[in-house]
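Me: I am in my first year and would like a close look at a single part of this structure, the place where its chains come together. Please take me through it step by step, with the helices and the charged pairs.

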Amino acid sequence: MTDCAALQKQIALYVEGDLQDADCRKLESHLRACASCWDVEAELRESQALFKSLRLGQPNTAALEEVRERVRIQVGDLQPVPVWARWAHQLLFAGLRRKPAIAGAAFAALVTVGLWYANFSRVGTPPLQPATEVAQFQVSGPGVQPSVEKPPAVVTAPQPRMKRTVPKVEEPMEIAALAPSDEREQISQTPMKFLTDDPDIIIYWLPRDKGD
Amino acid sequence: MNTRSEVALLWMAESDGESETRQIAAVVARAAAGDSAAFEQLVVRHERRVLTLSFRLLGSMEDAQDAAQEVFLRTFKYLHRFDTRRPFEPWLVRLTVNVCRDLGRSQRRRAAVIVEHNGKSDVAEPRDSSSNPHADLQSDQLRETLYRALADLPEKERTAFVLRDIEGLSTAETADVLGSSEATVRSQISSARLKLRKFITRTEAGK
């Protein structure tokens with residue numbers, strides 16, 4: 001069943017020939033069958049005829065003369081547009097429509113700024129810093145007198161893996177105990193790195209709990 | 001018939017001919033170069049169209065005169081921006097619509113209709129010799145009612161309706177003037193026609 005309320009907009013277009021042919025045929029067959037839509041069409045034709053009668057109205061001569069006089073006085077006070085402004089406009093827009101020309105120029109400017117910024121930020125960015133710090137210790141010999149150093153700022157990646165058999169450090173607690181008390185607190189909470197004489201051998205110690 | 005060039009061709013075809021279009025272009029070019037006589041020629045040629053359209057959009061002759069004055073002042077200021085290869089009238093109509101939109105927004109005097117000093121209408125209508133005072137009065141009242149109905153429409157619908165149904169532009173030309181699509185214009189005019197039909201039906205029922 002056709003929804004008559006939804007068809008009203010189509011009828012409003014149909015009465016002035018604004019509806020496309022295919023829709024026209026459908027609507028005409030509906031109008032023949034539906035009395036209420038037929039009435040709507042008749043009312044629309046009537047109201048359109050009334051409003052079109054406004055075309056007959058024209059401003060009277062006195063009103064036109066008044067406008068002309070006002071324009072003459074106001075334009076007389078204005079300076080004509082200088083020649084350079086006219087030439088500049090013709091040169092800038094070169095026959096293009098104003099809005100597309102301005103939009104195009106704005107787009108080009110945005111792209112240029114974007115490219116410049118991308119290039120600038122790539123040159124100026126410092127290298128990435130790792131997320132965790134690792135305490136680093138120098139082990140001068142296998143199991144002998146490890147010197148405790150301050151945790152350095154330069155860090156290696158977390159979750160290290162030992163690929164080789166490393167010299168076993170006995171009693172890691174004793175090593176940690178060599179550090180001053182405030183550093184010990186820090187050491188117990190961060191992973192520790194032990195460097196040996198062999199540069200290929202590095203020992204990592206990851207304490208599970210405080211005081212482990 | 002969607003492209004701007006086709007619409008421009010349509011406008012040109014509706015004028016009296018290509019030679020006239022060329023003649024207007026020459027006058028526009030001279031006026032843009034600062035020739036005041038050429039500018040006055042433009043005003044005289046288009047003042048009726050501008051004032052009528054302004055009146056239909058604003059519903060008040062006083063406002064329409066202000067609008068027409070502003071249209072010609074802007075024409076004088078911005079004529080050097082006009083591309084003389086294009087028809088002049090659509091440009092002027094677009095300018096008029098923009099000025100009326102600005103004026104309508106700032107003044108909000110849409111309710112004021114065509115009642116003139118001395119009880120006479122602002123709009124002179126062609127009348128035959130057999131017309132009588134009662135018929136004139138009825139005609140004035142009817143016109144006042146119609147303008148009141150137009151004033152009640154939303155601004156965009158009113159503008160589209162006036163251009164399409166009263167000024168008699170095609171849907172493509174209306175879309176070109178308003179800077180919108182034909183589908184939008186169709187939607188606006190169908191909505192406006194339905195509202196106006198409802199207004200007329202109500203008014204007749206109230207009599």
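Reply: What follows is a walk through the contact between the chains, and then a short look at a pair of helices within one chain. Please keep in mind throughout that this is a predicted model.

We can begin with the contact as a whole, to which chain A gives 43 residues and chain B gives 58 residues. Between them, chain A and chain B bury about 4800 Å², and 59% of that area lies on carbon and sulfur atoms.

Now to the helices. Two packed helices are described by the angle between their axes and the distance between the axes. At this interface, helix H1 of chain A (residues 4-14) packs with helix H9 of chain B (residues 182-206) at an angle of about 95°, and their axes are 9 Å apart. Because of that angle, H1(A) is roughly perpendicular to H9(B). On the H1(A) side the contact is made by Gln8(A), Lys9(A), Ala12(A) and Leu13(A), while the residues of H9(B) that take part include Arg186(B), Ile189(B), Arg193(B), Leu194(B) and Arg197(B). Sorted by character, the residues of this contact of H1(A) with H9(B) comprise four nonpolar, four polar and four charged.

The charged residues lead us to the next point. Side chains of opposite charge can pair when their charged atoms come close. Across the interface of chain A and chain B there are six salt bridges, and over all chains the count comes to 23. Arg193(B), which we met in the contact of H9(B) with H1(A), forms a salt bridge with Asp18(A), and the closest N and O atoms of that pair are 2.9 Å apart. Another salt bridge joins Glu40(B) to Arg72(A), with the closest N and O atoms 2.6 Å apart. This pair runs between chains, from helix H3 of chain B (residues 36-58), where Glu40(B) sits, to helix H4 of chain A (residues 61-77), which holds Arg72(A).

Finally, for a pair of helices within chain A, consider H2(A) (residues 21-33) and H3(A) (residues 35-52), whose axes come within 6 Å and cross at roughly 110°. That angle means that H2(A) is roughly perpendicular to H3(A), and the crossing of the two is left-handed. Here His30(A), Leu31(A) and Ala33(A) of H2(A) meet Ala35(A), Cys37(A), Trp38(A) and Glu41(A) of H3(A), and the residues of this contact divide into five nonpolar, one polar and one charged.

Notes. Residues numbered from 1 in each chain as written. Chains lettered and ligands numbered in written order. Predicted model: local features only at pLDDT ≥ 70, side-chain atom pairs only at ≥ 80, totals over all residues. Heavy atoms only, no water. Axes fitted to C-alpha atoms, helices over the stretch in contact; angles between N-to-C directions. Helix = DSSP H or I, 4+ residues; strand = E, 2+ residues; numbered from the N terminus. Parallel < 35°, antiparallel > 145°, perpendicular 65-115°, else oblique. Left-handed = near helix turned anticlockwise from the far one by under 90°. Contact = heavy atoms within 4.5 Å. Nonpolar A, V, L, I, M, F, W, Y, C, P; charged D, E, K, R; others polar. Buried area = accessible area lost by both parts, 1.4 Å probe. Salt bridge = Lys/Arg side-chain N within 4 Å of Asp/Glu carboxyl O.
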